[in-house]
Amino acid sequence: MAKPAEVKAITGYAVGGVPPVGVPVRTVVDRRVLERDVVIGGGGRIDRLIRIKPGKIVEFQKAEVLDIAE
């Protein structure tokens, strides 16, 4: 797990506000997340959220889809 200062340095966002798209990091999405219509993620600030279709995260981030959850 990254420390808060590392998250801010790498993504430009504080912990709790990191959006699921638009950040320069390798992104992995669990295959089961794609079964949901929408997911909720950080909206760029700790007091903002974003609703997004999981497929859009894969598309925008060029995310890798893996079986992670048990």
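These legends describe an overview and several close-up views of a predicted model. Residues are numbered from 1 along each chain as its sequence is written, and side-chain values use heavy atoms, with hydrogens and water left out. Local features need pLDDT of at least 70 and side-chain atom pairs count only at pLDDT 80 or more, while totals for chains, interfaces and linings use all residues.

**Figure 1. The whole chain and its elements.** The secondary structure comes to 2 helices and 4 strands, where helices (H or I, at least four residues) and strands (E, at least two) are DSSP runs numbered from the N terminus. From the N terminus on, the order of the elements is α-β-β-β-α-β. The C-alpha trace spans about 30 × 25 × 20 Å along its principal axes. The radius of gyration of the chain is 12 Å, which agrees with the value near 11 Å for a compact globule with 70 residues; the radius is taken over C-alpha atoms, and the globule rule is 2.2 Å times the number of residues to the power 0.38.

**Figure 2. Surface, contacts and charges of the chain.** The accessible surface comes to about 5200 Å², and 56% of this surface belongs to carbon and sulfur atoms; accessible areas come from the Shrake-Rupley method with a 1.4 Å probe, and for residues only the protein chains shown count as cover. Of the 70 residues, 26% are buried. Here buried means under 20% relative accessible area, exposed over 50%, and partly exposed in between (1.4 Å probe, protein chains only). Among contacts (heavy atoms within 4.5 Å) between residues at least 6 apart in sequence, 53% join residues at least 24 apart. The chain has 12 positive and 9 negative side chains, and the centres of the two sets lie 7 Å apart. Lys and Arg count as positive and Asp and Glu as negative, without His and the chain ends; the place of a charge is NZ of Lys, CZ of Arg, CG of Asp or CD of Glu.

**Figure 3. The hairpin of β2 and β3.** Strand β2 (residues 39–42) and strand β3 (residues 49–52) run antiparallel and are joined by 4 bridges; two strands pair if DSSP finds at least two bridges between them. Valine 39 has isoleucine 52 as its bridge partner in β3, and glycine 42 stands opposite leucine 49. There are 6 residues between the strands of this hairpin, and glycine 44 takes a positive phi near 100°.

**Figure 4. Glycine 43 in the loop of the hairpin.** Glycine 43 lies in the loop between β2 and β3. With a relative accessibility of 35%, glycine 43 counts as partly exposed. Leaving aside neighbours within four places in sequence, glycine 43 is in contact with Gly17, Arg48, Leu49 and Ile50. Valine 18 is 25 residues from glycine 43 in sequence, and their C-alpha atoms are 6.6 Å apart.

**Figure 5. Valine 39 in strand β2.** Valine 39 lies in β2 and is buried, with a relative accessible area of 16%. Not counting residues up to four places away in sequence, valine 39 touches Val33, Ile50, Arg51, Ile52, Pro54 and Ile57. The C-alpha atoms of valine 39 and lysine 56 are separated by 10 Å, with their positions 17 residues apart along the chain.

**Figure 6. Lysine 56 in helix α2.** Lysine 56 is found in helix α2 (residues 54–61). Its relative accessibility is 34%, so lysine 56 counts as partly exposed. Val21 and Gln61 are touched by lysine 56, not counting residues up to four places away in sequence. The C-alpha atoms of lysine 56 and leucine 34 are separated by 9.8 Å, and the two residues are 22 apart along the chain.

**Figure 7. Two exposed loop residues, proline 24 and lysine 62.** Proline 24 is found in the loop between α1 (4–11) and β1 (28–30), and has a relative accessible area of 65%. Proline 24 and glutamine 61 are 37 residues apart in sequence and 8.3 Å apart in space, C-alpha to C-alpha. The place of lysine 62 is in the loop between α2 and β4 (64–66), and its relative accessible area is 72%. Most residues other than glycine have a negative phi. Lysine 62 has a positive phi, near 55°.
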